[in-house]
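Here is a short briefing for the bench. Please look over the sequence and the structure first.

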Amino acid sequence: MRAIAIRKIGDVPELMDLPKPTPGEGEVLVHLGAAGVNPFDWKVADGALQGRMPYVFPFVLGVDGAGAVEEVGPGVKRLQLKDGVFGQFLHPPAGIGTYAEYVVAPETLAISVRPRGMYNDQASAVPTPGMTALDALDRLALEKRQSLLILGAGGGVGSFAVQLASNRGITTLAASKGPNRDFLHKLGASRFYDASAKSFLDDVKLGYPNGVDAILDLANRGPEFEQHLALLKPGGTVASTIGAATPEVVGPRGFQGVNINLQPTFELLDRLSKEFSSGKLRIPMEEKIPLAGAVEAIERSRAGKIRGKIVLTI
Ligand SMILES: NC(=O)c1ccc[n+]([C@@H]2O[C@H](COP(=O)([O-])OP(=O)(O)OC[C@H]3O[C@@H](n4cnc5c(N)ncnc54)[C@H](OP(=O)(O)O)[C@@H]3O)[C@@H](O)[C@H]2O)c1
């Protein structure tokens, strides 16, 4: 099968011809139609899970994908042959990835049947960013009309979080360094802020002089993360997807800090499917690239220059 893989950590990924896997006990073999590109993909290929999970080489990149169940292993109960599925396929050993024609995975993972009207390319864009956005909003537990400032709103998690927050009646303030004003308003943002403007902090303070109720920061750590805390109301909550909301930084200022560490489940996926089926969730798939273009997609993801989602068609 064709796959984008590396032979050792740090290699530049390349298109390889690898053996088609076979499903073991409790596993399904999925014939993939598309794979979503996430920053997590290159972070894992750079060694982010070393010490937490064994690695297998050649290491096939990618965790999100969509396709059809082509074989089921013994003992599989929930999924069936020919089911059209999407999900997050990461399981030990790391390296059995979705940038490939086929992937095998235990059916207990966050893999679900795609809802009607959601095609493979769209579906592959959903799992990691959609579940992360949903998890973050659950943990922030904001009420209707409370304000949420989302930093790094133009990327994958942000473009789901803006929609899911707006759907809950939360006043959603989207901040982006990219030219994403129209894109984020269309997804439901109440206000857009240019986070690259010198006046950014003042711009937000003008509308929210007492501070916003919560911040979801998808992009910043260190001093950049800390300076945005000036925008939070006393006792407010800040969530980070990159571990920046540490007790040492957040606690002394009297804020609540939440570090998101996604635990993918098919229940989370099914909630996203419901939101899609009710017409309230648009899949922010902005670009489709053939599998062989994965290296370029990864470089753009590393540079943080992504609007919505890029998916690889297989
Ligand atoms: N902890 C978890 O469980 C978990 C789960 C999912 C994702 N994550 C992490 O959360 C982060 C966001 O994920 P994502 O899928 O939304 O990523 P993405 O699609 O690549 O979007 C990240 C966005 O952050 C902004 N950004 C600003 N400066 C950046 C820089 N120097 N480098 C990278 N991005 C920059 C950009 O948005 P603007 O153009 O709008 O400024 C960019 O589009 C990633 O680091 C990812 O690995 C963690």
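The notes below cover the ligand site and one sheet.

This is a predicted model. The ligand has a shell of 29 residues around it. The shell draws on two domains, so the ligand lies between them. A six-stranded open sheet is the second topic.

**Ligand shell**
- The closest residues to the ligand are G152, G154, G155, S176 and G304.
- Sorted by class, the shell holds 12 nonpolar residues, 15 polar residues and two charged residues.
- Helices α1 (39-45), α3 (127-140) and α4 (156-167) each give the shell at least two residues.

**Domains at the ligand**
- Domain 1 is made of two segments, 2-126 and 283-313, and domain 2 spans 129-259.
- Both domains supply shell residues, which means that the ligand sits between domain 1 and domain 2.

**The sheet**
- Its strands run in the order β11-β10-β9-β12-β13-β14, with parallel pairing.
- The edges are β11 (191-194) and β14 (256-259). Each has a single partner strand, so one side of each lacks a neighbour in the sheet.
- From one strand to the next, the twist averages 20°.
- In general, strands of a sheet pair through backbone hydrogen bonds, either parallel or antiparallel.

**Around β11**
- β10 (residues 171-176) pairs with β11 in the parallel sense, over four bridges.
- In β11, R191 stands opposite L173.
- Helix α6 (residues 200-207) lies across β9 (147-151) and β11. Helix α6 runs at about 155° to β11.

Key: Residues numbered from 1 in each chain as written. Predicted model: local features only at pLDDT ≥ 70, side-chain atom pairs only at ≥ 80, totals over all residues. Near = placed C-beta within 6 Å. Nonpolar A, V, L, I, M, F, W, Y, C, P; charged D, E, K, R; others polar. Domains from an automatic or database assignment. Pairing = 2+ DSSP bridges. Axes fitted to C-alpha atoms, helices over the stretch in contact; angles between N-to-C directions. Contact = placed C-beta atoms within 7 Å.
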